[in-house]
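Hi,

Here is the structure I promised to pass on to you. Have a look at it first, and then read on for what turned up.

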Amino acid sequence: MAAWENNVRKIDPYVPGEQPSYADMVKLNTNENPYPPAPGVTKALKELDTDALRRYPKPDAHELTAALAESCGVGFNNVFVGVGSDDVLGTAFLTFFKGRLPVLFPDVTYSFYPVWAALYDIPYETPALDENFRIVKEDYYKLNGGIVIANPNAPTTIAEPVSFIEDIVMHNQDSVVIVDEAYVDFGGETALELTKKYENLLVVRTFSKSRSMAGMRIGFAVGSEKLISYMMAVRNSYNSYTMTTPSILCGTESLKDEAYFRKTVDRIIATRENAIPRFRKMGFKVLNSSANFLFVTHENVPAKEIFMKLRERHIFVRYFEKPRIDNYLRITVGTDEEMEKLFDALKEML
Ligand code: PMP
């Protein structure tokens, strides 16, 4: 190892799902939305005034922040926007977790949380989900340096009611509680209202799933003015211009079309509910999902084998070689046609 390498910050990074580009593929591995963004987004991009790109964007992403504040029923200073919710969550970890007590999040949850903790030298503990993959809230009633809960949880798809979240926040007034609601629009209950009652609660959301805009990279957080101003100070200490002019424009357009948003989300929920009994008939155990994906395990055939065989057919699902979940597959809900192709392949294989 060269001497300079002693000073390198070394980290095992988060590994995102693969992004292959076969013409014939069925891509159900990264929880993307199978439908296009709202028509207004397409129109805005087509009509984008490229001359505007000469200028820096507004550092507070003004139009987008204002539109989000209105749609969430909170003030402008209660909203933080970032480059996908990964950017928002990473900033929140850096901002709020600097004590010696461990930050708590479940053993089975979004696998980026331990990576941010490692990156920023944040101690953490991972209380185990119970045997049904449910969060045991009492595990979070102890001294800690912060709490992170994905609700609905990923990859388990299970949502807890907002009263459950409030119990956790109520027992934790001395540390910041982050609720990651990346998938809430597909059937979860939001904790947004609780941010008005608890100044230490941060709710994080994304445009990547329910708004079909993973490629545009827009995420946001809602919390007390105090929480948001601490995050802004940290963000402005490494990059003041996180949101591009096109992302501000397109994000704002997306929020204008509530009817389209509901229509696509409802379609995904309908496809999901149709798929569940079909999986069960084929010998899969399926957890009840409040997300745009399913978490399944087969009674006889190992998940890894199914994953590999589907992959050969250019059908991509997600497999995690991790304790407790290495016999499960996480399958994004696609269009009805995509699900049909998946079921045809499974029928042949099993
Ligand atoms: N939270 C959870 C639970 C997720 O599954 C994801 C998607 N990988 C994210 C946050 C981040 O999504 P994005 O950065 O696209 O908003």
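To start with the ligand: how many nonpolar, polar and charged residues does the shell around the ligand have? The split is 4 nonpolar, 4 polar and 4 charged. Before you go further, keep in mind that this is a predicted model.

If you want to find those residues on your screen, the ones around the ligand are Gly84, Ser85, Asp86, Leu89, Tyr110, Asp180, Ala182, Tyr183, Thr206, Ser208, Lys209 and Arg217. Helix α3, which covers residues 84-96, gives the largest share of this shell, with 4 residues. As for where the ligand is, look in the largest pocket: that is where the ligand sits.

Three side chains there deserve a closer look. Thr206 has a side-chain N or O atom 2.5 Å from an oxygen atom of the ligand. For Ser208, the distance from a side-chain N or O atom to a ligand oxygen is 2.6 Å. With Tyr183, a ligand oxygen and a side-chain N or O atom are 2.7 Å apart. And how much of the ligand's accessible area does the protein cover? On its own the ligand has 400 Å² of accessible area, and the protein covers 92% of that.

While you are at helix α3, find Thr91, which also belongs to this helix. Thr91 counts as buried because its relative accessible area is 1%, and buried means under 20%. Thr91 and Ala44 are 47 residues apart in sequence, and their C-alpha atoms are 29 Å apart in space.

Another threonine to visit is Thr252, in helix α7 (residues 245-256). Is Thr252 buried or exposed? Its relative accessibility is 14%, so Thr252 counts as buried. The side chain of Thr252 also reaches the backbone oxygen of Ile248, at 2.6 Å.

Now for the backbone. Most residues other than glycine have a negative phi, and most peptide bonds are trans. Here are some places that go the other way.

Which residues does a cis peptide bond join in the loop between β5 and α5? One such bond joins Asn151 and Pro152, with omega at about 0 degrees. Pro152 lies in the loop between β5 (146-150) and α5 (162-170). Another cis peptide bond joins Ala154 and Pro155, and its omega is about 5 degrees. Pro155 also has its place in the loop between β5 and α5.

Then there are positive phi values. Asn31 is not a glycine, yet its phi is positive, at about 55 degrees. You will find Asn31 in the loop between β1 (26-27) and α1 (39-46). Asn31 is buried, since its relative accessible area is 0%.

Arg324 is a residue other than glycine as well, and its phi is positive too, near 75 degrees. To get there, go to the loop between β12 (318-319) and β13 (329-332). Is Arg324 buried or partly exposed? With a relative accessible area of 34%, Arg324 is partly exposed.

If you only have a few minutes, I would begin at the ligand, in the largest pocket, and then go to Asn151 and Pro152 with their cis peptide bond.

Cheers

Conventions: Residues are numbered from 1 along each chain as its sequence is written. This is a predicted model: local features need pLDDT of at least 70, side-chain atom pairs count only at pLDDT 80 or more; totals for chains, interfaces and linings use all residues. Side-chain values use heavy atoms; hydrogens and water are left out. A residue is near a molecule or strand if one of its heavy atoms lies within 4 Å of it. A polar contact is a pair of N or O atoms within 3.5 Å; within protein, one must be able to donate a hydrogen and the other to accept it, and residues adjacent in sequence count only if both atoms are side-chain atoms. Accessible areas come from the Shrake-Rupley method with a 1.4 Å probe; for residues, only the protein chains shown count as cover. On a 1 Å grid over the protein atoms alone, a cavity is a set of points where a 1.4 Å probe fits but cannot get out, and a pocket is an open set with protein on both sides within 12 Å along at least five of seven lines; lining residues have an atom within 4 Å of a point. A molecule sits in a cavity or pocket if more than half of its atoms lie within 2 Å of its grid points. Helices (H or I, at least four residues) and strands (E, at least two) are DSSP runs, numbered from the N terminus. Ala, Val, Leu, Ile, Met, Phe, Trp, Tyr, Cys and Pro count as nonpolar, Asp, Glu, Lys and Arg as charged, and the others, Gly among them, as polar. Buried means under 20% relative accessible area, exposed over 50%, partly exposed in between (1.4 Å probe, protein chains only).
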